[in-house]
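Colleague: I should like to go through the terms used for this structure and ask what each of them rests on.
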Amino acid sequence: MAAHGCNYSALLLIICSVSVFIVADSQDTTLSGGHHAAAVEDNPQAATEAAGKTSEQPAVEERSWEATEVEEATLHEAAGDKQDTPAPETEAPSPVPQPKDDFQEELVIRPLHSGDIYASFQFRTLWETDFMSGNKVSHYRLFPKSLGQVISKFSVRELHISFTQGYWRTMQWGQPFQPAPPGAELWVWFQDSVTDVDGTWKELTNVLSGIFCASLNFIDSTNTVQPSASFKPLGIGNVTDHRFLRYATLPREIVCTENLTPWKKLLPCGSKAGLTVLLKSEKLFHSSFHSQAVHIRPVCQDWQCKTTSWELRQTLNVVFDLHTSGQGKREWSLFKMFSRTLTEACPLASSSKIYIDITDDPQGELFELSPATPLLSQAMVLGDRRTFSVYDLMQPVTFGTVRSLNPLIRWKSSEGDMLRPLLHAERYVAGYGLQTGEIHTLMYNNHPYRSFPVLLLDTVPWYLRLYIHTLTVTSKGKDNKPSYIHYQPSKDRLRPHLLEMLVQLPPNSVTEVTVQFERALLKWTEYTPDPNHGFYVGSSVISSLVPSIVAMDTNITMDRPLFSSFFPCKEESSFFVRVYTEPLLVNLPTPDFSMPYNVICLTCTVVAVGYGSLYNLLTRSFQIEEPSPGLAKRLANIIRRMRGVPPL
Amino acid sequence: MATTEVEHRRGQLASLSIAAVVIIVGVPLWWRTTETYRAWLPVSQINELANLQLQLSADVEVVFARGTVTPEQQKKVPLTKTQDEEHTVDEDTALRYRYETKYRTANIMEEDALNQPSAADADLSLHTLSESLCGSLVVYVIPESSSLLPEDVDVYIGQRRTALLRNGAQMRVGRTIEQLLAHLEPRIRQVLKVMSFSHTDITAALSGRVRLSPGNKESIADSMRAFKSSPGYEITFSLLNPDPKSHRLHWDIEGAVQTYIQPLLTKLAPVANFSIDSQTLYYAMLGVNPRFDSSRNAYTLNSDSLAHVINPVEARLGSNAASSNPVLNFLLYAPDAQHSPLYIQDRQKQKVPSNAFHSPRWGGIMVYNVNSFYGPEAVFPVDINIDMAKVMGVFLAQLRLLLGVQSTTTPPGFLVAPCSSTGLADWELDRLMWSRSVENVATAATTITSLAQLLDQIGNIVINDNIAEQVSSAVTSLQLAVAELEAGNLGFALQYSKEAILASERAFFDPSLLHLLYFPDDQKFAIYIPLFLPMCVPILLSLLKIISDARQRRKERQAKKD
């Protein structure tokens, strides 16, 4: 019987793991037509310098501004040239070219059970162009020029970058729409025409660090890995060779206003119109969680995938703590959160909407929303069917007579319980002393009856030396053998540990992964300026296809809200979830940093005492000296000399 | 007694040997372990380059058409003359211009070409006859009776490297060839001034190296306007739409660049690489509020407020992420509906006809009023197509100015052919190449000499092999560039000078010259003294004692002798 059960579970495991691989493979829809090799410009120095460089301010001088005198000749010539192209006449309106790009903006607000408010902004720019073929893309309209240049110069196929301040509390807040680890995270798929991926990656991080004013230039080989299974391309493409993938996190990165400003600059409307007027840093950073991200990927234009376009998604997720800012009242409005109200949509946007999640409160018992909106929308998001009240900013009627929109939620009771997230994980360091320790990763499957496989990715810096033979995976007190393990040992000062495994999580269980490590001694110049604060170890990443309670939407081209269309969904019965654990803070043995001074003092003393006496021993000649006469004798001698008598 | 003497002797020997070990083993060991690696640099050649002696040579061919020389003059004609002109710019920079003039008579095909009905046709067919080299010039002397040139025009400067010069009336017959040449000489000199390098251009190109004497404000302004020589430029066209709610602007920048800008840049390809991109910026405001002028029923921007216009826009333009070449910005500003029409006023309160201005070494802005495209009852937003011919005419003129294609003032009696579809005549390109080569040579020489000086001053910077390699390749390219300028091969000279500038910049900005911490000498001694003092003091003291003992003994011996 036991054997039978064992066989059964093994079969299930195999089936599930196979299905994960199939799904992972099928995410990469092959694109009709091959990629042409984009010319890789080889100019490493220029790029790094360019990143930090701002154009010089023109010298403001009396003479420096001149009206341009266009010579008649030039104008005539130009006009003469023009003859072969039809000149657009002022009177006859020539047909307006159809723009090849499209911009959408969206804000989702979800009242959380903890009493906090989750606001998620998404801005999507779609551009029907081809960065991958040889011809140079150089004329930009809605797509930001700086990112376009980065894509074409470094032959990037997919780029995902996120900056996060604070940690997403899955157990209290549920799953976020776009998960992100604390600190900075960057992962990039390069095109298969790139030959020197590491060199390109290095340049790219330097340029991005300039664009986003972040310390991404600290990404080097010691914190970069090439995950083999966890990070598959989210867009279309036929390359899944992980040679072209680079993944790095900087858990120490602090996110603040200087990162928000360049992020806002990438938006076509800047911070002047539409939803972006709400993005004021003094409010956004006065929050429990702040995460901003940029995702660039190629996507299909239609369901047949005949034409492709580039998608730039800029997302910003904030969780506001209402208990501290609401003066005890459970009441919330746009103005309270952002100290702004909305008056218009971004005129460049083709759609501009606010969604407010009212799923938990269908009858209006829990809270009250005003102004009421007749528009309701349902969306499958994260394995759940949610109901939203929608405000369409493109309709003037939304703004009412006061010409401004300020939705308000007033709670009536604080009851209600949350659906526990099906997958959730946490991590901590155990052990005492400064020599060894143990990393514990706990993964919770809260599904009552379904087990599912998860991919765990762990990157550990080289200065924590993992003892991989101590790796244990246990669920429900029993050993749970991972069906796939990819381990790349670290090299000191060169690369980190990479551990990836596929683990089956039994229903309603906790799976614990432990591994022991030893702390290495660093060279004294390798310590950070505040070494006693500890050293960060990036979050583990858990990616999984979680069985869904409701049927998921698999139609990728149907007009769906942006927040529900980020991760491509390939089958109805499950949905993709990525969970990040807490980053770890580990103390390393730190030396006394006044050491060089002590060493100098000590050597000098040793040299002075040791060498001096040795030298004296070697060079001085020692002889017995007559003992000097006593005091009485000397006195007597003085007296005798005075008397003119010979001394004693 | 003898034992103490032996003991004393042994002590002296011991201290002597310790001192010997310290000096023979210790000092070289310390020296070797604290030494920094410094690769060999061609210092003497760099010092030679610090004293820049440039010679520019131009080949000039003077061709006499039929009817300008008499048969006896013609016999003597194939002859060559060399003229030198020397200028000392400052104590380490000297210039020498050499014109190698060849005189000959026209051959039959050239005669045919000169019989064309108009000067432009003659210019074209002369060009097809012989491909003249970069930097060289051909002057055709045509008889006074020739109908090629209009009445009041004496000199016609073509689009290529040829000029037509009408022979003066008084030089008809009966003079010797020397007199004829002496008469032609000042005219040819004038032609050369226009079509080839002129002293003002060259000194302007040297402005990075030589401090120009103040006073000639106009030429300083001219030299300040153009961008510094660089191996590449990024040209960015930005459409500023401060009011996307009312105006939906469409510009066919791709087609316009192909039609208007690309021919010029193709022509300029030997000088630098260019890359073009464009972007549209919404809600980009100017830094000043235009004033309403009720007499014109329009808003105006004064010329003295132009300096403040760009600053807020500049923050949005963004630097080029993909290269570090200088960026030329061209902004097309369509004023918002509330502030149109908008005109730029010059100092005399007059409307600037092009409605555009440019800023030296930065770029240009053009204000494009769109309010005339729609009536008062128009429904916002209005779709507007921008007339790119008008815009590009202005931007092309600004681009020429910013790239340093000078519009020369011609002496009276000169007729300059209107420029072709490329927007640039061959001789204009030559002029640009002359001044760019000189500028590159001067900049690279200054960079290399200051690098050598820096490395010489700070003795403990590590000089890696790759830096030494860059420095020597820069020096070689510089020498080659100078030699090619001397030989009159303009194309090669520019090529080598570009290589020199690239190599010298790479050496100068190499990170390895910076990342090593180097300590000043006093700090080094502060570290060494506690270590060395306890070692050296006993050795020195015992050495002194030995010397004084030896002296005393000698004195005693002498006293004994006496």
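Modeller: A nonpolar patch is made of residues with over 30% relative accessible area and no salt bridge, with nonpolar side chains joined within 5 Å. Please note that this is a predicted model.

Colleague: Which residues form a nonpolar patch on the surface?
Modeller: In chain B, the patch consists of Phe525(B), Ile529(B), Leu533(B), Val537(B), Leu541(B), Leu544(B) and Ile547(B). Together they have about 680 Å² of accessible area.

Colleague: Why does Val537(B) count as partly exposed?
Modeller: Buried means under 20% relative accessible area and exposed means over 50%. Val537(B) has 38% relative accessibility, and therefore counts as partly exposed. Val537(B) lies in helix α16 of chain B, which spans residues 521-561.

Colleague: What share of the residues in chain B is buried?
Modeller: Of the 562 residues in chain B, 51% are buried. The accessible surface of chain B is about 26900 Å², and carbon and sulfur atoms hold 56% of that surface.

Colleague: How is chain B divided into domains?
Modeller: Domain 1 combines 1-36 with 518-560, domain 2 covers 56-202, and domain 3 covers 230-403. The centres of domain 2 and domain 3 of chain B, taken over C-alpha atoms, are 42 Å apart. The secondary structure of chain B comprises 16 helices and 17 strands.

Colleague: Over which residues of chain A does pLDDT stay under 50?
Modeller: Residues 1-63 of chain A are one such stretch, with 85 contacts beyond four places in sequence in the model. Residues 71-93 of chain A also stay under 50, with 19 such contacts. The mean pLDDT of chain A is 79, and 80% of its residues reach 70 or more.

Notes:
Residues are numbered from 1 along each chain as its sequence is written. Chains are lettered from A and ligands numbered from 1 in the order in which they are written. Side-chain values use heavy atoms; hydrogens and water are left out. Patches are made of residues with over 30% relative accessible area and no salt bridge: like charges are joined within 9 Å, nonpolar side chains (Val, Leu, Ile, Met, Phe, Trp, Tyr) within 5 Å. Accessible areas come from the Shrake-Rupley method with a 1.4 Å probe; for residues, only the protein chains shown count as cover. A salt bridge is a side-chain nitrogen of Lys or Arg within 4 Å of a carboxyl oxygen of Asp or Glu. Helices (H or I, at least four residues) and strands (E, at least two) are DSSP runs, numbered from the N terminus. Buried means under 20% relative accessible area, exposed over 50%, partly exposed in between (1.4 Å probe, protein chains only). pLDDT is the predictor's confidence in each residue, from 0 to 100. Contact means heavy atoms within 4.5 Å. Domain bounds come from an automatic or database domain assignment.
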